[in-house]
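The following exercises ask the reader to describe a sheet and an enclosed space in a protein model. Please study the model before reading each solution.

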Amino acid sequence: MAGHAHPQRTASTAAALLVLLALLAGCGGAGDRPVDPTVQEIQQTLDARATALLEHDRVAYLASLEPGAAVLRAAQGTEFDNLAEVPLHSWKYRIERVRHQGTTVVADTELHYRIAGYDAAPVTASRTLELAERDGRWYVTADRAGTGTPQQLWQQGDVDVVRGSRSLVLGVGQDEARLRDLAAAADRAVPAVSDAWPSRWAGRIVVLVPASVEEMGRLLGAPAAGYRGIAAVTTGETDLEATRPADRVVVNPEAYGLLGDFGQGVVLTHEATHVATRAHTSAATPMWLSEGFADWVAYRGTGRTAAEIAPEMQEAVRAGDVPADLPADRDFSFGGDPGALARAYEAGRLACEMIAERWGEEKLTAFYRTVGEGRHRAGAVERALGEELGTTTAGFTAMWRDYLTAALR
């Protein structure tokens with residue numbers, strides 16, 4: 001703005017500069033605004049609370065709470081105890097907003113925590129804390145999850161921890177022997193995934209085992225009804241950012257427990273594949289590819305035939321009902337027709353199996369990565385089909401339909 005002044009307008013230029021300075025003072029960025037001293041003081045209280053938790057100092061942790069709040073202190077003491085075995089690397093509160101309500105302050109915060117040895121990036125959870133000042137010091141008077149925020153495992157009970165060679169299993173209300181068996185199965189799943197997926201990944205997984213499918217739903221922030229027949233799911237964000245949150249494999253103890261050793265191994269290998277491929281999965285990746293590839297890895301090398309792995313699709317093919325197109329994302333929705341859901345998974349896996357057989361496993365993984373390079377769905381699969389497989393969507397779909405008929409008739 002100052003560069004627009006003309007040299008011959010000396011007096012008006014001086015006046016304009018004064019106006020400019022006044023405007024800049026009033027329109028400064030967030031970093032130029034005075035910091036609310038209340039925010040700084042509350043942050044100090046929360047920092048001390050986080051340090052006490054990491055150092056397993058129960059007395060110091062409870063000292064951040066209002067002295068007379070017996071119910072709050074009991075609940076927070078229980079959460080502290082529930083976390084005792086969890087190997088935390090970091091635990092931080094970041095204040096997003098502070099609202100003054102009379103003598104109370106409401107702080108909307110983000111809790112960021114990492115598990116030592118497993119999380120390259122923190123898990124984030126919204127927390128709403130209420131605080132009050134007593135004799136010049138701020139105390140927490142309430143601590144609750146932010147609106148729409150799922151529960152954390154330690155809010156459901158005492159967390160038992162089992163360490164595998166390539167896995168960490170955290171369970172609530174579970175027999176320790178069952179958690180050890182799950183860790184052993186996860187340890188076998190990880191190298192199976194690494195053998196099929198050549199791209200670099202962490203090579204380890206964190207598995208959460210809640211007490212029931214209802215508690216599973218609370219961890220995922222969704223109704224439990226949609227997960228009753230699902231043995232496990234993997235949480236995570238499909239983006240290409242290096243700071244993406246850590247993945248968690250969440251096991252449904254009821255559905256998982258009904259499976260035999262083979263089925264349990266397939267489930268954990270499938271979920272570990274999602275963890276491994278997350279960095280190359282984006283909004284451009286269709287679910288038939290992400291779920292189909294995970295199932296392809298899970299059954300790879302098991303010796304099971306296409307008919308054994310895809311009984312629902314085989315029934316449809318033999319009835320003359322060969323699908324016209326690859327399954328859409330909506331076909332993978334939980335809580336709908338179990339048969340339709342099974343056919344969607346089977347169809348995706350058979351598409352990946354066809355690529356591996358006709359073009360080779362290296363081309364299959366290259367195809368997956370190339371699709372995931374896209375930021376948007378439109379054109380991503382078509383481009384990858386052309387670049388990696390030398391075909392088109394129409395040509396690929398026709399080959400896939402023929403493959404289904406030949407493999408399942």
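**Exercise 1: The sheet**

In this predicted model, an open sheet of 4 strands follows the order β1-β2-β3-β4, and its pairing is antiparallel. Determine which strands stand at the edges, how many bridges join β1 to β2, and which strands helix α2 touches.

*Solution.*

Step 1. The edge positions belong to β1 (88–101) and β4 (137–145). Each has a single partner strand, so one side of each is left without a neighbour in the sheet.

Step 2. Neighbouring strands of this sheet are turned against each other by 30° on average, direction ignored.

Step 3. Strand β2 comprises residues 104–115 and runs antiparallel to β1, to which 12 bridges join it. Among the residues involved, Leu 88 has Ile 115 in β2 as its bridge partner.

Step 4. Helix α2 (residues 37–54) packs on the sheet and touches β1, β2, β3 (123–134) and β4. The direction of α2 makes about 155° with that of β1.

**Exercise 2: The cavity**

Find how many cavities of 30 Å³ or more the structure holds, and state which residues line the largest cavity.

*Solution.*

Step 1. The structure holds 1 cavity of 30 Å³ or more. The largest cavity contains about 80 Å³ of space.

Step 2. Its lining includes Arg 49, Leu 53, Trp 91, Tyr 93, Arg 127 and Asp 143. Also among the lining residues are Glu 79, Trp 154 and Gln 155.

Step 3. The elements α2 and β1 give two or more residues to this lining.

Step 4. By character, the lining residues of the largest cavity divide into 7 nonpolar, 1 polar and 4 charged.

How values were computed:
Residues are numbered from 1 along each chain as its sequence is written. This is a predicted model: local features need pLDDT of at least 70, side-chain atom pairs count only at pLDDT 80 or more; totals for chains, interfaces and linings use all residues. Side-chain values use heavy atoms; hydrogens and water are left out. Two strands pair if DSSP finds at least two bridges between them. Axes are lines fitted to C-alpha atoms, for helices over the stretch in contact, and angles run from 0 to 180 degrees between N-to-C directions. Contact means heavy atoms within 4.5 Å. On a 1 Å grid over the protein atoms alone, a cavity is a set of points where a 1.4 Å probe fits but cannot get out, and a pocket is an open set with protein on both sides within 12 Å along at least five of seven lines; lining residues have an atom within 4 Å of a point. Grid points are joined across faces, edges and corners, and a volume is the space filled by probe spheres set on the points. Ala, Val, Leu, Ile, Met, Phe, Trp, Tyr, Cys and Pro count as nonpolar, Asp, Glu, Lys and Arg as charged, and the others, Gly among them, as polar.
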